[in-house]
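Here are my notes on the model, set out as numbered points for you to read beside the coordinates.

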Amino acid sequence: MRLLERMRKEWFMVGIVVAIVGAKLEPSFGVNGGPLKPEITVSYIAVATIFFNSGLSLKTEELTSALVHLKLHLFIQIFTLAFFPATIWLFLQLLSITSINEWLLKGLQTVGCMPPPVSSAVILTKAVGGNEAAAIFNSAFGSFLGIVITPLLLLLFLGSSSSVPFTSIFSQLFMTVVVPLIIGQIVRRYIKDWLERKKPPFGAVSSSVLLMIIYTTFCDTFSSPHIDLDKLSLVLIMFIISIQLSFMLLTFIFSTRNNSGFTPADTVAIMFCSTHKSLTLGIPMLKIVFAGHEHLSLISVPLLIYHPAQILLGSVLVPTIKSWMVSRQKGVKLTRPTV
């Protein structure tokens, strides 16, 4: 079993390298409008597959128990939509005295204001074996919440305002997240015994979808005309975006301190859901809020870099976080008093 798990991890890492190299060599295949049609296959089919897969694999009692874990939900949503953008704003006050392009800095602020994605945090939490139900709820709820909160945050920090098509975004999220999840739960009721007996490779399905997302994301990144800056600015932006590691560390410290009330599985969901930002919702929002703005391309660059970076970083950290979680769970079991 351990050998199989190790081989799966190694093949997944190889898959990441192949996906990135493939995207670099032939980005036109996986860009929006290309032969792969990621605007349909990823935005709709892949996301729907992720949540149908989760609905099928998750026990209903796990999903319902996650819904009432209010402390966990509050922590993630406050960190994502309040602490994250406020900390970025403070950090940018220091960087404003440097020679970094001011519109790139404003772009970094928009990254902080973005809602969580509906897919990557769920897949990574599932890959580690964390609280998948909590990740599903917070990714979906955070995305819905972000439709309202993100434009307000952009107005607060950047002074930009515009109307957002709430109805169309809500309907897309509902059809690609909520409906597949419910269908998966309904189907599970009828084939529950078969699922428990056969144990289908749900993890392999999620990993395959994640590799597809990584590939198409890097195709967009490598083919984007916006990523055309001087090397110093790009290096500085990449360095600043590495603060995601700092945010992950912060969430880890907060959620693992004594009397936090969070399990190791909760911590995994917190680390991914609190620090990931949505490109799928983010870019359309930026195009709406900054419509006609001459510096829209520069403002978009940090989000275009942050998105693939968060997926790549999360994928690389999966084995390490999983080892930590398993060891902590074993430690908890060993310290429980026997009756």
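1. In this predicted model, Phe51 is a sensible place to begin: once its neighbours within four places in sequence are left aside, Phe51 is in contact with Val118, Val122, Ile136, Thr176, Val177, Pro180 and Leu181. Phe51 also belongs to the largest nonpolar core, a set of 54 residues in which Phe51, Ile214 and Phe272 have the most contacts. A second core, separate from that one, has 31 residues and includes Leu92, Leu153, Ile283 and Leu296.

2. On the overall fold, the protein has 14 helices and zero strands, so any reading of the packing concerns helices rather than strands, given that helices and strands are taken here as DSSP runs. Buried residues make up 48% of the 339 residues in the protein. Among contacts with a separation of 6 or more, 83% are accounted for by residues 24 or more positions apart. The accessible surface comes to about 16,700 Å², and carbon and sulfur atoms hold 68% of that surface.

3. Asn53 lies in helix H2, which spans residues 38–57, and with a relative accessible area of 6% Asn53 is buried. Not counting residues up to four places away in sequence, Asn53 touches Lys126, Phe202, Val205 and Ser206. Of these contacts, the one with Val205 joins positions 152 residues apart in sequence, whose C-alpha atoms are 7.9 Å apart in space.

4. Lys126, one of the residues that Asn53 touches, also takes part in the one salt bridge that the structure holds. Its partner is Glu132, and the two side chains meet at 3.3 Å, N to O. Are these two residues buried or exposed? Lys126 counts as buried because its relative accessibility is 17%, where the cut-off for burial is under 20%, and Glu132 counts as buried because its relative accessibility is 9%.

5. Thr150 is placed in helix H7, which covers residues 132–158, and at 0% relative accessibility Thr150 counts as buried. With neighbours within four places in sequence left aside, the residues in contact with Thr150 are Cys113, Met114, Pro115 and Met285.

6. The contact between Thr150 and Met285 can also be read from the other side. Met285 is found in helix H13, residues 279–289, and counts as buried at 1% relative accessibility. Leaving aside neighbours within four places in sequence, Met285 is in contact with Gly146, Ile147 and Thr150. Although Met285 and Thr150 are 135 residues apart along the chain, their C-alpha atoms are separated by 8.5 Å.

7. Turning to the surface, a nonpolar patch of about 340 Å² is made by Phe83, Leu249, Ile253 and Phe254. Which helix gives the largest share of this nonpolar patch? Helix H11, residues 243–256, contributes that share, with three residues. Ile253 is found in helix H11, and Ile253 is described as partly exposed because its relative accessible area is 45%, a value that falls between the 20% limit for buried and the 50% limit for exposed.

Conventions: Residues are numbered from 1 along each chain as its sequence is written. This is a predicted model: local features need pLDDT of at least 70, side-chain atom pairs count only at pLDDT 80 or more; totals for chains, interfaces and linings use all residues. Side-chain values use heavy atoms; hydrogens and water are left out. A salt bridge is a side-chain nitrogen of Lys or Arg within 4 Å of a carboxyl oxygen of Asp or Glu. Buried means under 20% relative accessible area, exposed over 50%, partly exposed in between (1.4 Å probe, protein chains only). Helices (H or I, at least four residues) and strands (E, at least two) are DSSP runs, numbered from the N terminus. Contact means heavy atoms within 4.5 Å. A nonpolar core is a set of buried Ala, Val, Leu, Ile, Met, Phe, Trp, Tyr and Cys residues joined through side-chain atoms within 4.5 Å. Patches are made of residues with over 30% relative accessible area and no salt bridge: like charges are joined within 9 Å, nonpolar side chains (Val, Leu, Ile, Met, Phe, Trp, Tyr) within 5 Å. Accessible areas come from the Shrake-Rupley method with a 1.4 Å probe; for residues, only the protein chains shown count as cover.
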